[in-house]
Amino acid sequence: MCGIIAITTSSKVNVSKMITDGLKKLEYRGYDSVGIATINNGKINILKDAGTIDKVNNRLSLENLQGTIGIGHTRWATHGPPSRENAHPHSDCTGNIIVVHNGIIENYLELKENLLKKGHNFSSETDSEVFAHLMEEELKQKNHELSFINAFKRVLAKIEGTYAITLIHSEEPETIFLARKDSPLVIGIREDTKFAASDIPAFLEYTKKVIVLKNGEIATLTPQAVYIEKNGFRIQPKPVIVSWTAASAQKSGYPHFMLKEIHEQPIALRNTLKIDLNVINKASSKILDAERIIFLACGTSYHAALSGYHQFQRILKKKPVYKVIASEFESYSHLFDEETLIFAISQSGETLDVMKALSPARKLGASIISIANVVDSSIPRLSHISLYTKAGPEIGVAATKTHTAQVSLLARLALQLEYDTGLVEKNEFNQNLESLISEIPQVTRSVINQNEFKAKSLASIISNQNHAYFLARGMSIPVALEGALKLKEISYIHAEAFPAGESKHGPIAIVESMFPVIMIAPNDRTAKKMLSNAEEMRARGAYIISVTEKDHNIIERSDYTFIVPKTMSPLVRPITYVIPLQMLAYYAAVRRGFDPDKPKNLAKTVTVE
Ligand code: M6R
């Protein structure tokens with residue numbers, strides 16, 4: 001939530017253009033207001049307003065601000081509605097101390113009250129502005145000669161909550177001050193230029209050399225140097241070189257990132273399945289050693305977790321396997337002990353609800369395995385074993401390729417568990433593995449090719465509707481949940497998913513003529529019952545859309561059909577079945593005139609509770 005970028009350079013370029021471009025790459029984190037501040041000849045310049053980056057840039061020419069040091073912010077409002085006043089950067093009363101912040105300062109009201117009593121004037125309703133005034137106050141204290149960095153540390157000690165903070169001061173015209181607690185910040189390194197940002201794509205065009213700032217670390221950046229410390233001790237982190245390319249963070253001719261990312265799935269899945277065998281073996285033995293397993297995630301990652309849950313239950317039989325929405329972990333925290341394995345899934349690796357559950361679990365001795373897409377992010381760092389999806393950066397707010405990559409990694413793990421528990425022999429395991437690896441990329445490509453036009457056509461039919469149901473049974477339920485989430489989050493059509501058998505216990509009451517009901521119907525043991533559920537809906541006038549295989553009888557009872565190939569491995573189904581639903585959501589959003597990359601009220605990485 002909220003995107004930050006800061007740049008300091010000794011090359012004689014104005015950083016405002018790079019900051020504006022970087023903010024565009026971070027727009028998925030929030031886009032209700034935007035602002036930039038630079039220092040030029042010791043003077044601070046700030047431009048900011050409510051609106052998207054393009055709109056505000058067109059109005060104010062953000063990218064023409066002069067100066068070789070600057071900070072920028074794209075906002076997802078928490079405290080105070082989107083407005084010019086509430087847009088970042090914020091400054092102190094003197095206008096010399098400038099701050100951008102991502103996170104929530106929980107004790108800001110109390111801090112603000114004290115500052116008001118001391119005569120400070122506030123220009124916004126945000127929690128973030130207190131930081132600039134606290135700095136001003138610290139620097140005013142004449143009784144102790146405070147260096148700027150020490151004042152910065154004293155202010156950090158006063159604030160409670162979560163933060164990625166970036167600060168500049170007119171009297172330190174080359175230095176950027178940074179600190180992080182629970183909200184992400186990464187540093188990019190080039191010889192004459194240093195970057196800080198909420199996410200790597202913001203500066204990927206300029207450098208792939210990255211340091212991920214860890215919780216509690218404070219850093220200063222000058223064009224030539226990066227200095228990091230924690231608890232008063234200098235840290236010498238080893239920068240990593242990321243494999244993502246600058247092109248991977250661009251639309252490359254597609255109208256939206258989401259469509260590009262849907263099309264990138266074959267390659268994302270192929271790369272993900274190239275996982276090191278040692279890591280898979282280690283994860284499998286950790287799972288087998290545990291007394292119980294808890295899947296933990298939010299949103300789309302939770303739907304991938306549900307697929308894992310179904311598979312693990314099938315394979316591990318009597319071993320208890322739980323599925324927990326991360327923000328609800330407290331109801332399960334009595335299970336956190338040395339015998340428990342937490343399986344955390346998160347694209348960003350920074351979702352606060354997941355982190356808040358993992359911290360106590362770790363303290364109580366639980367083991368943690370995670371799947372994340374962003375290397376070295378917080379959740380992998382809290383884990384004992386980190387598995388990575390190799391999907392490349394995902395910019396669209398609606399997760400697509402990272403979801404199917406998560407599911408493919410879980411399928412790979414399920415195959416390993418089938419073998420390690422003696423459910424299948426070596427030969428069968430090898431065959432299954434080979435077909436999974438060869439089948440997934442090829443079958444996802446053909447699902448996209450065969451269904452994209454159909455998704456576009458269906459979108460024109462259902463985009464006039466206000467509601468839709470997604471029904472499924474058994475292992476297809478996560479697909480129904482994900483289909484409904486995709487449709488509602490980007491097209492704003494109210495969509496709900498139910499176990500198909502449950503639909504007659506209430507949801508069917510609102511079904512009427514043309515009400516879209518999307519049936520996830522593989523030709524498996526659920527086939528007959530799904531057919532009956534389709535009939536029940538049809539009898540009430542529903543418009544039946546089925547996602548199915550070519551020999552399923554449901555086709556005759558459907559008004560519209562997406563056909564997916566029957567795969568050798570049932571583990572591939574949550575991938576093939578979800579792709580038409582991703583495309584349907586995408587085209588419905590476009591048809592209704594919405595930007596699928598930037599759904600209202602949402603941010604890609606949720607770093608607040
Ligand atoms: O980064 P994470 O996978 O932890 O994010 C979890 C959810 O916030 C995320 O999946 C969200 O539901 C997306 N909007 C789904 O498209």
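## Aromatic rings up close

**View 1. Phe343 is buried, with a relative accessibility of 0%.** Keep in mind that this is a predicted model. Phe312 is tucked away too: its relative accessible area is 0%, so it counts as buried. Searching the whole structure turns up 16 aromatic pairs, and Phe312 and Phe343 make up one of them. Their rings meet edge-to-face, with 5.8 Å from centre to centre and 80° between the planes. Phe312 belongs to helix α9 (residues 299-316) and Phe343 to strand β18 (residues 340-346), so this pair ties together parts that sit 31 residues apart in sequence.

**View 2. Tyr492 and Phe594 form a tilted pair.** Why tilted? The planes of the two rings are at 55°, and that falls between the 30 degrees below which rings count as stacked and the 60 degrees above which they count as edge-to-face. The ring centres are 4.5 Å apart. Distant parts of the chain get linked here: Tyr492 is in the loop between α14 (477-491) and β22 (494-499), while Phe594 is in the segment after α17 (578-591), 102 residues apart. Tyr492 is partly exposed, at 24% relative accessible area, and Phe594 is partly exposed as well, at 30%.

**View 3. Lys600 lies over the face of Tyr492.** This is the tyrosine that pairs with Phe594. Lys600 is 4.3 Å from the centre of the Tyr492 ring.

**View 4. Lys323 has its charged end over the ring of Tyr309.** Here the distance to the ring centre is 5.0 Å.

**View 5. Phe131, Phe148, Phe152 and Phe177 gather into one aromatic cluster.**

Definitions and conventions: Residues are numbered from 1 along each chain as its sequence is written. This is a predicted model: local features need pLDDT of at least 70, side-chain atom pairs count only at pLDDT 80 or more; totals for chains, interfaces and linings use all residues. Side-chain values use heavy atoms; hydrogens and water are left out. Rings of Phe, Tyr and Trp (its six-membered ring) pair if their centres lie within 6.5 Å; planes under 30 degrees apart count as stacked, over 60 as edge-to-face and the rest as tilted. Helices (H or I, at least four residues) and strands (E, at least two) are DSSP runs, numbered from the N terminus. Buried means under 20% relative accessible area, exposed over 50%, partly exposed in between (1.4 Å probe, protein chains only). A charge sits over a ring if NZ of Lys or CZ of Arg is within 6 Å of the ring centre and within 35 degrees of the ring normal.
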